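Please look at the sequence and the structure shown here, and keep both in view while reading. The paragraphs below lead from one part of the model to the next.

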Amino acid sequence: MTADVDRHELRQIIAGLSEGVILVEPDQTIAYANEAALAMHGVETLDGLGATVDAYRERFALRYRNNRAPEQYPIERVVAGERFHDVVVEVRRPDAPDVYFVHSLRSLVATDRDSKPSCLALILKDVSDQFEAEERFEKTFNANPAPAIITRLSDLRHVKVNAGFLEMTGYVRDAVIGRSVYEVDVLAGARNRDLAVSRLNEGATIPQMEACLNLPDGGSRFVIVAGQPIEMGEEPCMLFTFADLELRRKAETALRQSEERFATAFRLTPVPTLLARLDGFTVTSINDAFTRVFGYGEDSVVGRSPSETGLWVADAARERFEEAVGRTGFVPGQEVCLHHQDGSELDCLASAERVEIGEETFALLVLQDITERKRGERELFEAIEAVMADTSWFSRGLIEKLANLRQPGGHDGDGASPILTVRERQILNLICTGLDDDAIAKRLNLSRNTVRNHGAALYRKLGVHKRAEAVIWGRENGFPLHPAGT
């Protein structure tokens with residue numbers, strides 16, 4: 001009677017517990033379960049659990065997450081008198097696939113005065129939410145391409161590592177998990193290692209710092225490492241994350257080498273060249289050829305815009321040039337007039353192209369001095385005009401070659417030949433034979449002023465301004481005509 005009273009009082013005590021409790025008899029009969037235990041199995045009555053341990057096995061499928069005992073359910077281990085704690089299992093019902101729980105279990109084995117088991121109890125705690133959160137974290141952690149590793153603070157051993165860390169370092173998972181933070185040293189070569197180790201021992205945040213990890217193949221890899229305290233299953237841990245610096249270092253090295261090559265070519269090119277920021281055209285560099293041709297030194301040009309240095313003779317031409325560079329990004333050789341430092345003017349061909357250096361946009365200007373060439377062209381044309389004043393002793397072939405050097409543009413805008421009067425054709429014919437105005441007036445029995453008036457009208461129609469240009473146009477168009485044509 002007393003034992004039944006004790007058992008009844010015991011059931012009253014455990015009925016209101018938040019933990020689930022299942023009482024099992026030594027003969028494997030399931031004697032009692034409180035409401036919390038029933039809810040943790042998705043049933044409403046004790047019959048839903050099954051009358052015996054064998055019936056329980058038929059109704060529920062269990063999978064150990066830790067502390068596994070082969071071929072035994074925890075409830076069977078309780079019947080066997082085994083004492084255990086912190087056993088984690090997944091519980092499913094084959095007849096209800098949506099029913100899923102994760103239980104953290106411990107056993108309670110009470111004995112009587114004769115040391116015989118008098119109370120066998122399985123204590124359950126629902127940790128489904130915790131494990132679902134951990135599973136979500138696990139999936140996110142593994143899927144994150146950023147290298148990461150988790151270290152348990154109690155013994156400073158690595159407990160999780162993701163694929164990003166393995167790919168970056170070349171380690172295999174088994175060579176990392178269970179190793180200490182000093183065996184697979186995630187703080188190797190850290191710029192402020194003492195601070196990092198101190199923060200790790202305190203379980204405090206480790207700020208970002210550069211480090212150099214030792215790789216399993218004997219190599220090394222530069223990274224940025226940081227540590228953030230987290231908890232996993234109520235276990236304090238440190239989440240180490242890494243940023244790979246190798247690609248950045250390679251990119252920086254390639255950029256530096258490219259800039260060095262550009263600087264060398266810029267400095268050694270024999271053509272005057274300057275580099276200016278596209279916004280405002282402030283000059284940042286000039287080469288030796290620029291100083292040699294224009295006379296300006298770096299102190300006179302660098303840090304100032306061409307408008308401030310007075311390099312361009314015509315501000316309007318400079319503004320058009322700079323506007324074209326900003327609009328199109330490229331301007332081919334354009335004839336401009338620039339100042340030498342001594343005030344003289346130089347004819348130049350100016351070209352520019354937009355270039356990106358680092359994160360800034362520049363204009364690369366190339367200035368070719370063509371002063372001597374232009375002077376030579378002008379002298380050549382003046383000489384041609386001088387000798388063409390009297391072409392009577394030139395052969396037709398020579399006249400044609402001279403004409404090719406200077407085209408007066410003796411056609412209308414649509415390419416058609418101008419319509420000449422009979423008198424204008426007569427005068428053009430005599431001009432091409434080498435006669436001057438007096439001789440033409442005498443030949444045609446006209447006054448000298450009349451010949452000049454016809455000549456002026458003729459020049460306007462041909463689009464020329466000088467007798468030599470009229471002769472060239474006439475030679476190109478079949479003059480002088482046969483005497484009968486006059």
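A good place to begin is helix α17, which runs over residues 448–462: at 1.5 Å a residue, its 15 residues should span 21 Å, and because its end C-alpha atoms are 21 Å apart, the expected and the modelled span agree. This is a check within a predicted model, and it can be followed by asking which residues of α17 are buried. They are Val451, Gly455, Ala457, Leu458, Tyr459 and Leu462, and what covers them includes the helices α15 (422–432), α16 (437–444) and α18 (467–476). Just after α17 comes Gly463, which takes a positive phi of about 75°.

Helix α18, one of those that cover the buried residues of α17, is itself mostly covered, with 8 of its 10 residues buried. These buried residues are Ala468, Glu469, Ala470, Val471, Ile472, Trp473, Gly474 and Arg475. After α18 comes Gly478, another residue with a positive phi, in this case near 90°.

Positive phi values also occur here outside glycine, and it helps to know that most residues other than glycine have a negative phi. In the loop between α16 and α17 one finds Asn445, whose phi is positive and near 60°; this residue counts as exposed because its relative accessibility is 72%, and exposed means over 50%. Leu156, which lies in the loop between β7 (148–152) and β8 (157–161), likewise has a positive phi, near 55°, but Leu156 counts as buried because its relative accessibility is 15%, and buried means under 20%.

Is His41, in the loop between α2 (35–39) and α3 (53–59), buried or exposed? His41 is buried, because its relative accessible area is 0%. Leaving aside residues up to four places away in sequence, His41 touches Ile22, Leu49, Tyr56, Phe60, Val91, Arg93, Val99, Phe101, His103 and Leu124. One of these, Phe60, is 19 residues away from His41 in sequence, while the two C-alpha atoms are 8.4 Å apart in space.

From a buried residue we can turn to open space. The largest pocket holds about 420 Å³ of space, and it is lined by 17 residues, of which Asp86, Val88, Ser104, Gln130 and Phe131 lie nearest its centre. Two strands, β5 (96–111) and β6 (117–126), and the helix α5 (128–143) each supply at least two residues of this lining. By class, the lining of the largest pocket has 6 nonpolar, 4 polar and 7 charged residues.

Stepping back to the whole protein, the reader can find 18 helices and 16 strands, and of its 486 residues 40% count as buried. Among the contacts with a separation of 6 or more, 44% are between residues 24 or more positions apart.

The confidence of the prediction should be kept in mind along the way. The mean pLDDT of the protein is 83, and 86% of its residues reach 70 or more. Among its elements, helix α7 (residues 193–202) has the highest mean pLDDT, 94, and helix α14 (residues 396–405) the lowest, 56. Over residues 407–415, pLDDT stays under 50, and for this stretch the model has 18 contacts beyond four places in sequence.

Methods
Residues are numbered from 1 along each chain as its sequence is written. This is a predicted model: local features need pLDDT of at least 70, side-chain atom pairs count only at pLDDT 80 or more; totals for chains, interfaces and linings use all residues. Side-chain values use heavy atoms; hydrogens and water are left out. On a 1 Å grid over the protein atoms alone, a cavity is a set of points where a 1.4 Å probe fits but cannot get out, and a pocket is an open set with protein on both sides within 12 Å along at least five of seven lines; lining residues have an atom within 4 Å of a point. Grid points are joined across faces, edges and corners, and a volume is the space filled by probe spheres set on the points. Helices (H or I, at least four residues) and strands (E, at least two) are DSSP runs, numbered from the N terminus. Ala, Val, Leu, Ile, Met, Phe, Trp, Tyr, Cys and Pro count as nonpolar, Asp, Glu, Lys and Arg as charged, and the others, Gly among them, as polar. The expected span of a helix is 1.5 Å times one less than its number of residues. Buried means under 20% relative accessible area, exposed over 50%, partly exposed in between (1.4 Å probe, protein chains only). Contact means heavy atoms within 4.5 Å. pLDDT is the predictor's confidence in each residue, from 0 to 100.
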